[in-house]
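Below are some notes on the model, set out as numbered points for someone who will read them beside the structure. They begin with charged pairs and then move on to the core, the annotated positions and a few local features.

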Amino acid sequence: MKIYLIGMPGSGKTTLGRQLAEELLLLFVDLDKEIEKHEGKSISQIFAEQGEDYFRQLESRLLTEWASSAKGFVMATGGGAPCFYNGMDTILKTGRSIFLDVPVSELLARLDRKTDRPLLHAADVDERREKITTLSHNRQPIYARANVTLHHADLPALLKAVHFKS
């Protein structure tokens, strides 16, 4: 079983993914951590030194490697992983996808103090709101292709979504 949690940064993919993997006795994979481990650098460093396109190519390659492995897992994808290089197609072909749909206002509250996300660096809260709103708007059509969309995700909702047959 391969389960992919998709959604915006701050939507809870990592937190809920760990819980879900533990409950289902599956390996938990944080795609961003896999990228950092592969490169020996933080995501911010990769963006600063090699740029976003390099990062997206690497992200796509590692997503494809995991997707083609025989291992079962719960993966917290990076927010952009489904959106570049046919990532959503890879996800849909190889497992079950769950979109954690969180309102921009909640994302702002959750990301208030986090500055390690390169696409969300902002001078102030208004600029961050604008960036998150634009990113969310642009990614919605791709995220909407998920097998299941959860607006109020918690572990019981995820477990129900995993066992739902589409």
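1. E65 is partly exposed, since its relative accessibility comes to 42%, and please keep in mind that this value, like the others in this note, comes from a predicted model. The side chain of E65 meets that of R61 in a salt bridge, with 3.8 Å from N to O. R61 is likewise placed in the partly exposed class, because its relative accessible area is 41%. The two residues are 4 residues apart in helix α4 and are therefore separated by about one helical turn.

2. The structure holds 8 salt bridges, and another of them joins K37 to E34, whose closest N and O atoms are 3.3 Å apart. Both residues lie in helix α2, 3 residues apart, which is about one turn of the helix. Their surroundings deserve a separate look: K37 is exposed, with a relative accessible area of 60%, whereas E34 counts as buried at 18% relative accessibility.

3. In helix α7, D126 and R129 are 3 residues apart, again about one turn of the helix, and they form a salt bridge in which the closest N and O atoms are 3.2 Å apart. D126 counts as exposed at 52% relative accessibility, while R129, at 37%, counts as partly exposed. Elsewhere, E52, R56 and E59 are joined into one network by salt bridges that share partners.

4. Which charged residue is buried yet has no salt bridge? This is K2, for which the nearest side chain of opposite charge, that of E65, is 12 Å away. Because a salt bridge requires a nitrogen and a carboxyl oxygen within 4 Å, the pair formed by K2 and E65 does not qualify at 12 Å. A polar atom of the K2 side chain does, however, lie 2.9 Å from the backbone oxygen of A67. K2 belongs to strand β1, which covers residues 2-6, and, leaving aside neighbours within four places in sequence, its contacts include W66, A67, F73 and R96.

5. The largest nonpolar core has 30 residues, and those with the most contacts inside it are Y4, I6, L31, I35 and M75. Among the elements that give two or more residues to this core are β1, β3, α2, α5 and α7, and α4 gives the most, with 6 residues. Once neighbours within four places in sequence are set aside, Y4 is in contact with residues including L63, A67, F73, M75, I91 and I98. Apart from this core lies another, of 14 residues, among them L16, A21, I98 and A157.

6. UniProt, in an unreviewed entry, lists D32, R56, G79 and R139 for the feature "binding site". G79 is found in the loop between β3 and α5 and is buried, with a relative accessible area of 10%. Beyond its neighbours within four places in sequence, G79 is in contact with G7, K13, R139 and Y143, so that two of the listed positions, G79 and R139, touch each other under the cut-off of 4.5 Å between heavy atoms. R139 itself lies in helix α7 and counts as buried at 6% relative accessibility.

7. The unreviewed UniProt entry also places the feature "binding site" at T14. This residue lies in helix α1 and counts as partly exposed at 26% relative accessibility. Leaving aside neighbours within four places in sequence, T14 is in contact with F28, D30 and A76.

8. Two backbone angles merit a check by eye. Most residues other than glycine have a negative phi. L25, although not a glycine, has a positive phi of about 55°, and N86, also not a glycine, has a positive phi of about 60°. L25 is found in the loop between α1 and β2 and counts as exposed at 77% relative accessibility. N86 is found in the loop between β3 and α5 and is exposed, with a relative accessible area of 55%.

Technical notes. Residues numbered from 1 in each chain as written. Predicted model: local features only at pLDDT ≥ 70, side-chain atom pairs only at ≥ 80, totals over all residues. Heavy atoms only, no water. Buried < 20%, exposed > 50% of the residue type's maximum accessible area, 1.4 Å probe, protein only. Lys, Arg positive; Asp, Glu negative; His and termini not counted. Polar contact = N/O pair within 3.5 Å; in protein donor to acceptor, adjacent residues only side chain to side chain. UniProt positions renumbered as here; feature names shortened; annotations may be inferred. Core = buried A, V, L, I, M, F, W, Y, C linked by side-chain atoms within 4.5 Å.
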